[in-house]
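User: I would like a close look at a single part of this model, namely the central sheet and whatever packs or binds around it. Please take it step by step and in connected prose.

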Amino acid sequence: MKVDVIIPCGGSGSRMGLGYNKLLLPMRGRTLIENTVSAFFLPYVNKIVLPCASAEKGLFRSLFEGFGLPVEICDGGGTRGESVANALRLCTSEYVAVHDGARPFVTRKTIDLCAKTCKLMGTAVASVAVSDSVRVTRPDGSSSPVDRNTVRLVQTPQFFRREELTKAYALAEKDGSSATDDAQLYEKYIGAVSLCDGDPHNRKMTDPSDLELLAPSGFRVGAGWDIHRLVEGRRFVLGGVEIPFEKGLLGHSDADVLTHAVMDAVLGALGRRDIGCLFPDTDPAYEGADSMALLDEVAALAKKDGFALNNLSATVICERPKLKNSIPKMCDRLAQAFGCDASRINVAATTSEKTGDIGRGEAVAAIAYCSLSSEKVPAKADA
Ligand code: MG
């Protein structure tokens with residue numbers, strides 16, 4: 001079974017009160033839409049097509065460059081239906097799935113069940129039972145109860161045979177008719193759809209109260225490791241503290257090996273890419289860079305993602321010089337970057353017992369572990 005997936009990316013975010021496309025909300029160190037698209041990184045998915053507003057095509061293209069998935073960006077339309085119709089023209093697989101860009105919590109279980117159902121029945125629409133009592137309302141203000149066991153809430157993904165959905169859209173275009181989802185359109189022009197179990201957590205991000213759903217989960221742990229060569233003619237900087245010594249660490253930046261390990265630990269806890277991706281050593285901007293300034297940027301990212309440093313524990317592995325007297329200063333400098341008390345930072349030093357490159361005094365390494373606690377709901381766009 002091969003499936004092309006269409007994820008309309010038009011949403012303006014006006015109901016969210018954002019002033020920008022809600023699909024660009026920060027979520028788990030990425031944008032919301034990257035989380036949604038990643039859910040479809042599955043063996044039977046052939047490609048993913050994202051219809052976007054023309055002004056945002058470049059932005060969405062840059063998000064998915066080198067993403068490791070065949071993602072195609074195309075022109076959206078004035079309505080969701082027009083966007084899906086445009087994207088359908090790029091689809092080639094036997095089946096297509098349509099999924100809301102604003103449903104980032106969709107799980108593999110739901111997608112797999114839809115795929116399986118569609119293969120068997122020709123269509124599959126994720127839906128969930130209703131737990132509240134349900135009433136039908138009338139224009140005169142009166143209402144009457146409905147047996148909630150006869151009602152399902154419709155979600156996405158919705159799976160179809162590509163040729164059939166394409167035909168439904170062609171007929172709808174001729175009629176000038178539209179629908180709020182693809183299942184309705186399919187039903188009008190082709191036939192009945194098969195419902196399958198969705199997931200109550202597969203929520204659609206719609207209004208400001210939904211921002212709570214993006215709140216980072218309570219507690220994160222990260223690990224970082226780094227090593228730099230010890231050479232003559234360089235400053236020896238560790239944890240932002242310059243240590244008098246006949247040699248220093250070699251690197252593109254100031255080669256502060258401790259701060260590098262700390263940054264990778266924090267980025268790891270945030271679920272973000274490492275410092276090599278964030279501050280590439282091929283970029284002249286970082287030549288001779290003060291690693292503490294880079295740490296300020298990493299600490300700002302943690303804050304932006306809604307996390308504060310809980311504690312940091314690092315070990316420097318260094319044969320010479322002795323670091324004992326410099327360690328309290330390093331803790332102070334690192335604490336400054338995170339705006340926290342120095343008691344949350346611990347730096348230990350050890351030797352390599354004269355073994356290996358470190359033991360011969362040719363290199364210094366550092367490892368770092370950190371834990372972060374969530375603080376608040378993130379509220380700024382990431383892109
Ligand atoms: Mg390094």
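Analyst: A residue is called buried here if its relative accessible area is under 20%, exposed if that value is over 50%, and partly exposed in between. With that cut-off in hand, and bearing in mind that this is a predicted model, one can begin at strand 1, residues 3–6, where both faces are covered: Val3 and Val5 are buried on one side, and Asp4 and Ile6 are buried on the other. The division into two sets fits a general pattern, because in a regular strand the side chains alternate between the two faces of the sheet.

Strand 1 has a partner on either hand. It pairs with strand 4, residues 45–52, in the parallel sense over 4 bridges, and with strand 6, also in the parallel sense and over 4 bridges. Valine 5 can serve as a reference point for both pairings, since this residue stands opposite isoleucine 48 in strand 4 and opposite alanine 97 in strand 6.

These strands belong to an open sheet of 7 strands, whose order is 5-4-1-6-10-7-11 and whose pairing is mixed. The edges are formed by strand 5 (71–75) and strand 11 (195–197), each of which pairs on one side only. On average, neighbouring strands of this sheet are turned by 30° against each other, with direction ignored. At the strand 11 edge, the pairing with strand 7, residues 123–129, is in the parallel sense and runs over 3 bridges; there, serine 127 has aspartate 197 in strand 11 as its bridge partner.

Moving back to strand 6, the loop between this strand and helix 4 (108–121) holds histidine 99. Is histidine 99 buried or exposed? At 0% relative accessibility, histidine 99 counts as buried. Leaving aside residues up to four places away in sequence, histidine 99 touches Ile6, Ile7, Pro8, Thr36, Phe40, Val106, Thr156, Pro157 and Asn202. One of these contacts, Ile6, has already appeared among the buried residues of strand 1.

A helix also lies over this region: helix 5, residues 162–175, lies across strand 6 (95–98) and strand 10, and runs at about 110° to strand 10. Strand 10, residues 152–161, also carries phenylalanine 160, which is paired with tyrosine 186 in helix 6, residues 182–189, so that distant parts of the chain, 26 residues apart, are linked. The structure holds 4 aromatic pairs, and in this one the ring centres are 5.2 Å apart with the planes at 35°, so the pair is tilted. Phenylalanine 160 is buried, with a relative accessible area of 0%, and tyrosine 186 likewise counts as buried, at 5% relative accessibility.

Phenylalanine 236 and phenylalanine 245 form another tilted aromatic pair, with 5.9 Å from centre to centre and 50° between the planes. Here the burial of the two partners can be set side by side: phenylalanine 236 is buried, with a relative accessible area of 1%, whereas phenylalanine 245, at 22% relative accessibility, counts as partly exposed.

The surroundings also include a metal site. The magnesium ion has Asp226 (OD), His228 (NE2) and His260 (ND1) as its protein donors, which lie 2.0 to 2.3 Å from it, and along the chain these donors follow the spacing D-x1-H-x31-H. Histidine 228 lies in strand 12, residues 219–232, and histidine 260 in helix 7, residues 257–270, so the pair ties together parts that are 32 residues apart in sequence. Both histidine 228 and histidine 260 are buried.

Helix 7, which supplies histidine 260, also packs against another helix. The axes of helix 7 and helix 10, residues 327–338, come within 12 Å and cross at roughly 35°, and the crossing is right-handed. At this meeting, Leu258, Thr259, Val262 and Val266 in helix 7 are in contact with Met330, Leu334 and Phe338 in helix 10.

One further element is the hairpin of strand 8, residues 134–137, and strand 9, residues 143–146, which pair in the antiparallel sense over 4 bridges. Arginine 135 stands opposite proline 145 in strand 9, and among the 5 residues between the strands, glycine 141 takes a positive phi near 95°.

How values were computed:
Residues are numbered from 1 along each chain as its sequence is written. This is a predicted model: local features need pLDDT of at least 70, side-chain atom pairs count only at pLDDT 80 or more; totals for chains, interfaces and linings use all residues. Side-chain values use heavy atoms; hydrogens and water are left out. Two strands pair if DSSP finds at least two bridges between them. Helices (H or I, at least four residues) and strands (E, at least two) are DSSP runs, numbered from the N terminus. Rings of Phe, Tyr and Trp (its six-membered ring) pair if their centres lie within 6.5 Å; planes under 30 degrees apart count as stacked, over 60 as edge-to-face and the rest as tilted. Buried means under 20% relative accessible area, exposed over 50%, partly exposed in between (1.4 Å probe, protein chains only). Donors are N, O and S atoms within 2.8 Å of the metal (3.2 Å for Na, K and Ca); water is not among the atoms, so sites may look incomplete. Axes are lines fitted to C-alpha atoms, for helices over the stretch in contact, and angles run from 0 to 180 degrees between N-to-C directions. A crossing is left-handed if the near helix is turned anticlockwise from the far one by less than a right angle, and right-handed if clockwise. Contact means heavy atoms within 4.5 Å.
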